[in-house]
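Work through the exercises below with the sequence and the model open beside you. Try each task before you read its solution.

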Amino acid sequence: MRLSDVLVEPAGEGGRSGGKGVDARISQRRFVGTAEILELFLQGYEEPVRARIRAGVLPEAVRYVRVRVNDGAALLFPHG
């Protein structure tokens, strides 16, 4: 388990990630109260990862995003 901040934003916008991070495709979205669980396929990785973000942060039509992880604000757990 490690403490990290996960930033997920639409691909190609540059936004807060400053062009850093990994391109990913959203394969599944699930709303859970005030949060949304994303299942993501990151470029260069075979297994999907899951990220929890605030509901409504990403428009529903967005399928391609950029993901960046910073130490300090969210918990990452090994899958399996």
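## Exercise 1: A charged pair

Glu39 and Arg50 form a salt bridge, with their closest N and O atoms 3.8 Å apart. A salt bridge here is a side-chain nitrogen of Lys or Arg within 4 Å of a carboxyl oxygen of Asp or Glu. This is a predicted model, in which local features need pLDDT of at least 70, side-chain atom pairs count only at pLDDT 80 or more, and totals for chains, interfaces and linings use all residues. Residues are numbered from 1 along each chain as its sequence is written, and side-chain values use heavy atoms, with hydrogens and water left out.

**Task.** Find the strands that hold Glu39 and Arg50, and decide whether each residue is buried or exposed.

**Solution.**

Step 1. Place the pair. Glu39 lies in strand β3 and Arg50 in strand β4, eleven residues apart, so the pair links distant parts of the chain. Strands (E, at least two residues) and helices (H or I, at least four) are DSSP runs, numbered from the N terminus.

Step 2. Check exposure. Buried means under 20% relative accessible area, exposed over 50%, and partly exposed in between (1.4 Å probe, protein chains only). Glu39 has 17%, so it counts as buried. Arg50 has 53%, so it is exposed.

Step 3. Look at the backbone. Arg50 is also the bridge partner of Glu39 in β4.

Step 4. List the neighbours. Contact means heavy atoms within 4.5 Å. Leaving out residues up to four places away in sequence, Glu39 touches Arg25, Ile26, Ser27, Gln28, Pro48, Val49 and Arg50.

## Exercise 2: The other salt bridges

**Task.** How many salt bridges does the whole structure hold, and which side chains form the others?

**Solution.**

Step 1. Count. The search finds three salt bridges.

Step 2. Take Asp23 and Arg66. Their side chains meet at 2.9 Å, N to O. Asp23 is in strand β2 and Arg66 in strand β5, so this pair ties together parts 43 residues apart in sequence. Asp23 has a relative accessible area of 29%, so it is partly exposed. Arg66 is at 18%, so it counts as buried.

Step 3. Take Arg29 and Glu36. Their side chains meet at 2.4 Å, N to O. Both Arg29 and Glu36 are buried.

Step 4. Recall the principle. Side chains of opposite charge can pair when their charged atoms come close.

## Exercise 3: Strand β3 and its partners

**Task.** Which strands pair with β3, and in what sense?

**Solution.**

Step 1. Get the overview. The protein has zero helices and six strands. Along the sequence, the pattern reads β-β-β-β-β-β.

Step 2. Pair β3 with β2. Two strands pair if DSSP finds at least two bridges between them. β2 and β3 are antiparallel, over eight bridges. Among the bridge partners, Arg29 goes with Leu38 of β3, and Val32 goes with Ala35 of β3. This hairpin has two residues between its strands, and Gly33 takes a positive phi near 65°.

Step 3. Pair β3 with β4. Six bridges join these strands, which run antiparallel. Their hairpin has six residues between the strands, and Gly44 in the turn has a positive phi of about 90°.

Step 4. Judge burial. Seven of the eight residues of β3 are buried, so this strand is largely enclosed by the rest of the structure.

## Exercise 4: The nonpolar core

**Task.** Which residues make up the largest nonpolar core, and which strand gives the most?

**Solution.**

Step 1. Define the core. A nonpolar core is a set of buried Ala, Val, Leu, Ile, Met, Phe, Trp, Tyr and Cys residues joined through side-chain atoms within 4.5 Å.

Step 2. Name the members. The largest core has twelve: Val8, Ala24, Ile26, Leu38, Leu40, Leu42, Ala51, Ile53, Leu58, Val62, Val65 and Val67.

Step 3. Sort by strand. β2, β3, β4 and β5 each give two or more residues to this core. β3 gives the most, with three.

## Exercise 5: How far to trust the model

**Task.** Where is confidence lowest, and where is it highest?

**Solution.**

Step 1. Define the score. pLDDT is the predictor's confidence in each residue, from 0 to 100.

Step 2. Take the average. The protein averages 78, and 69% of the residues score at least 70.

Step 3. Find the extremes. Strand β6 (residues 74-76) is lowest, at a mean of 57, and β2 is highest, at 92.

Step 4. Apply the caution. Where pLDDT is low, the predicted coordinates should not be read in detail.
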